[in-house]
Amino acid sequence: MNIAIVGTGYVGLVSGTCFAEMGARVTCVDVDAQKIQKLKEGIMPIYEPGLEELVKRNVEYGRLQFTTDLTEVLDDVEVVFSAVGTPPDEDGSADLKYVLAVARQFGQHINKYTILVTKSTVPVGTAKKVKAAIQEELDKRGVDIPFDVASNPEFLKEGAAIKDFMSPDRVVVGTESEKAREVMTRLYKPFLINNFRVIFMDIPSAEMTKYAANAMLATRISFMNDIANLCERVGANVDSVRKGIGTDARIGTKFLYAGCGYGGSCFPKDVKALLHTGLDNGYHMEVIEAVERVNERQKTIVYDKIVRAVGSLQGKTVAILGLAFKPETDDMREAPALIVIDRLLQAGASVRVFDPVAMDECRRRIGDAVTYCANIYDCANDADVLALMTEWRQFRLPTWDVIRKVMRGNVIVDGRNIYDRQELEALGFVYTRIGEQ
């Protein structure tokens with residue numbers, strides 16, 4: 001099966017590579033000529049475990065190729081996936097200019113029945129706009145070429161995207177015709193041979209499903225952070241509370257960990273877009289609004305705890321472990337670390353940072369405002385405070401004796417609740433975490 005994927009960002013590149021791994025012939029398209037050239041040379045634009053090896057293998061086998069021109073492959077493909085960006089406008093709504101540009105190009109150049117599938121996260125009603133844009137271009141050409149549009153939102157977790165794509169919990173597909181449904185069934189059948197978990201529905205429901213899923217996960221995070229902040233005030237332990245409620249089968253244990261807030265490319269953007277969709281349709285989404293408000297407040301909690309521990313930050317040095325918004329990615333979009341670093345610098349502190357993969361991304365974002373360190377121990381050197389922002393595996397079992405010796409101070413602020421209080425206090429550290437006095 002021949003397919004094209006427009007957009008070689010996180011979603012497009014992972015999706016295209018995984019389709020190729022399953023045997024499809026895939027062309028990934030992007031207007032960024034430099035990015036396409038680098039991909040041809042095997043240089044990845046993003047960090048995702050296992051992706052580089054998978055891309056190189058499928059390029060070598062001839063199943064995966066890259067181009068800047070969609071029109072050169074349109075006659076050979078059955079399906080075109082649109083995986084371009086939908087950045088938020090100033091009002092929080094999703095900017096659809098790239099999605100509609102793909103639709104117009106599709107309408108300008110198709111010569112046979114082809115399906116345009118929206119993989120990007122888009123507001124409910126986008127498919128109607130996409131379909132209208134395609135039809136407008138066909139009318140300008142004076143041709144009557146059959147086509148279908150479909151919605152196939154992605155549910156990939158950064159850091160585990162390949163596993164998620166190759167062995168999905170479910171695949172959501174919104175279609176309008178039986179023919180489109182048949183093609184999408186054929187495309188996804190190899191991934192789900194033993195348990196076909198494709199959920200077909202109407203297109204508006206598919207578009208809403210992605211936003212609803214991310215909003216629910218964000219809600220669980222903000223709920224637990226709200227509970228954690230109350231736990232600190234009443235003398236409860238949020239980890240105990242989490243275990244106590246998580247064993248209820250109606251609640252479950254996932255996404256119930258207190259911390260310093262969510263970030264990344266999906267949750268913040270999708271929550272804002274869902275809020276805006278509600279307002280556009282005369283509905284005020286009070287729960288989702290609170291989710292966003294709690295999260296924005298939570299991003300400052302590590303900074304607040306540092307101030308409470310050491311007082312004035314003028315002349316102090318703070319070591320930050322972890323820059324990415326989560327482990328196994330270099331993505332710093334909406335990362336809580338950025339908020340904490342900015343506040344520390346404004347308060348007159350010197351900041352030392354270390355992250356296994358996000359150092360270059362941090363340099364791109366804030367330049368030389370901080371000191372970039374070679375490892376955990378270099379980062380802790382002469383620091384008054386050590387703050388954990390991202391729970392990378394290699395941060396879980398540091399040699400605390402060494403850290404105690406190289407630090408000038410003794411304050412540990414655990415923004416992800418992964419360390420043991422008794423162990424650290426026995427070594428002479430002043431330890432604070434989220435949701436515990």
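**Entry 1: Arg333 and Asp331**

I looked up Arg333 in this predicted model and found that it counts as partly exposed, at 38% relative accessibility. Its side chain forms a salt bridge with Asp331, and the closest N and O atoms lie 2.8 Å apart. I then checked the partner: Asp331 has a relative accessible area of 7% and is buried, because the cut-off for buried is under 20%. I noted that this pair joins a partly exposed arginine to a buried aspartate.

**Entry 2: salt bridges within helices**

How many salt bridges does the rule count? I recorded a count of 30.

I next examined Glu361 and Arg365, which form a salt bridge with closest N and O atoms 2.9 Å apart. Both residues belong to helix H14, and because they are four residues apart there, about one helical turn separates them. Is Glu361 buried or exposed? I found Glu361 to be buried, with a relative accessible area of 17%. Arg365, in contrast, is partly exposed, with a relative accessible area of 34%. I also wrote down a network in which salt bridges with shared partners join Asp239, Arg421, Glu425, Arg433 and Glu436.

Helix H11, residues 286-298, offered another pair. There the side chains of Glu289 and Arg293 meet in a salt bridge of 3.8 Å, N to O. These two are also four residues apart in their helix, so about one helical turn lies between them. I listed Glu289 as partly exposed, at 31% relative accessibility. Arg293 has 53% relative accessibility and counts as exposed, because the cut-off for exposed is over 50%.

**Entry 3: the packing of H10 and H11**

Since Glu289 lies in H11, I turned to what this helix packs against. Helix H10, residues 267-280, packs with H11 at an angle of about 145°, and their axes are 10 Å apart. I recorded the crossing of the two helices as left-handed.

Which residues of H10 and H11 meet? From H10, I listed Val271, Lys272, Leu274 and Leu275; from H11, I listed Ile288, Glu289 and Glu292. I sorted the residues of this contact into four nonpolar and three charged, with no polar ones. Glu289 therefore appears twice in my notes: it takes part in this helix contact, and it forms the salt bridge with Arg293.

**Entry 4: helix H13 and its cover**

I then looked up helix H13, residues 336-346. Its buried residues are Pro336, Ala337, Leu338, Val340, Ile341 and Leu344. What covers them? I found that the cover includes helix H12 (301-310), strand E9 (317-321), strand E10 (350-354) and helix H14 (359-366). H14 is the helix that holds Glu361 and Arg365. After H13 comes Gly348, for which I noted a positive phi, near 95°.

**Entry 5: the nonpolar cores**

The largest nonpolar core has 58 residues, and I looked for the members that touch the most others: these are Ile320, Leu323 and Leu344. H13 gives the most to this core, with five residues.

I followed Leu344 further, leaving out residues up to four places away in sequence. Leu344 touches Tyr303, Ile306, Leu313, Val318, Ile320, Ala349 and Val351. One of these contacts, Ile320, is also among the members that touch the most others.

I closed with another core, which lies apart from this one. It has 43 residues, among them Cys18, Phe19, Val26 and Ile115.

Notes: Residues numbered from 1 in each chain as written. Predicted model: local features only at pLDDT ≥ 70, side-chain atom pairs only at ≥ 80, totals over all residues. Heavy atoms only, no water. Buried < 20%, exposed > 50% of the residue type's maximum accessible area, 1.4 Å probe, protein only. Contact = heavy atoms within 4.5 Å. Salt bridge = Lys/Arg side-chain N within 4 Å of Asp/Glu carboxyl O. Axes fitted to C-alpha atoms, helices over the stretch in contact; angles between N-to-C directions. Left-handed = near helix turned anticlockwise from the far one by under 90°. Nonpolar A, V, L, I, M, F, W, Y, C, P; charged D, E, K, R; others polar. Core = buried A, V, L, I, M, F, W, Y, C linked by side-chain atoms within 4.5 Å.
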